[in-house]
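Welcome, and please open the model in your viewer. We will go from one selection to the next, with a short note at each stop.

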Amino acid sequence: VKSRFSSLDVRAMVNSVRPSVVGCKLTNVYDINSRVYILKFARKGFKCFLLLESGLRFHLTSYERDKSSVPSNYTMKLRKHIRTRRLTAIEQLG
């Protein structure tokens, strides 16, 4: 069982996520805990959730998880700056 993504894993995931989320608008950001965030993307007739776990994994899901009732300060700052923005590209750096 893998515990972390390698650069090859990240490349594969970026290529699989790109067709679904590029062109979508970020409608909200949620935190599950201090290391796991969910970004909700939507466009006409389509919505998805991108689950990000810091340093471990990221993937698209349609499953709605339980969210914390009060968002953290970091989540509030993310919402303030990136909510309603359109995702124009996704790529791996390095």
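Helices (H or I, at least four residues) and strands (E, at least two) are DSSP runs, numbered from the N terminus. Contact, or touching, means heavy atoms within 4.5 Å. Axes are lines fitted to C-alpha atoms, for helices over the stretch in contact, and angles run from 0 to 180 degrees between N-to-C directions.

This is a predicted model, in which local features need pLDDT of at least 70, side-chain atom pairs count only at pLDDT 80 or more, and totals for chains, interfaces and linings use all residues. Residues are numbered from 1 along each chain as its sequence is written, and side-chain values use heavy atoms, with hydrogens and water left out.

Start with helix 2 (73-82). Helix 2 lies across strand 1 and strand 2, and runs at about 175° to strand 1.

Now select the sheet. Its 4 strands form an open, antiparallel arrangement in the order 1-2-3-4, where two strands pair if DSSP finds at least two bridges between them. Strand 1 (25-31) and strand 4 are the edges, each pairing on one side only. On average, neighbouring strands are turned by 20° against each other, direction ignored.

Next, pick helix 1 (residues 7-21), which packs on the sheet and touches strand 2, strand 3 and strand 4. Its direction makes about 30° with that of strand 4.

Zoom in on strand 2 (residues 36-43) and strand 3 (residues 46-53), joined by 8 bridges. Click V36: its bridge partner in strand 3 is E53.

Finish at E64, in the loop between strand 4 (57-61) and helix 2. Leaving aside neighbours within four places in sequence, E64 is in contact with K47 and F49.
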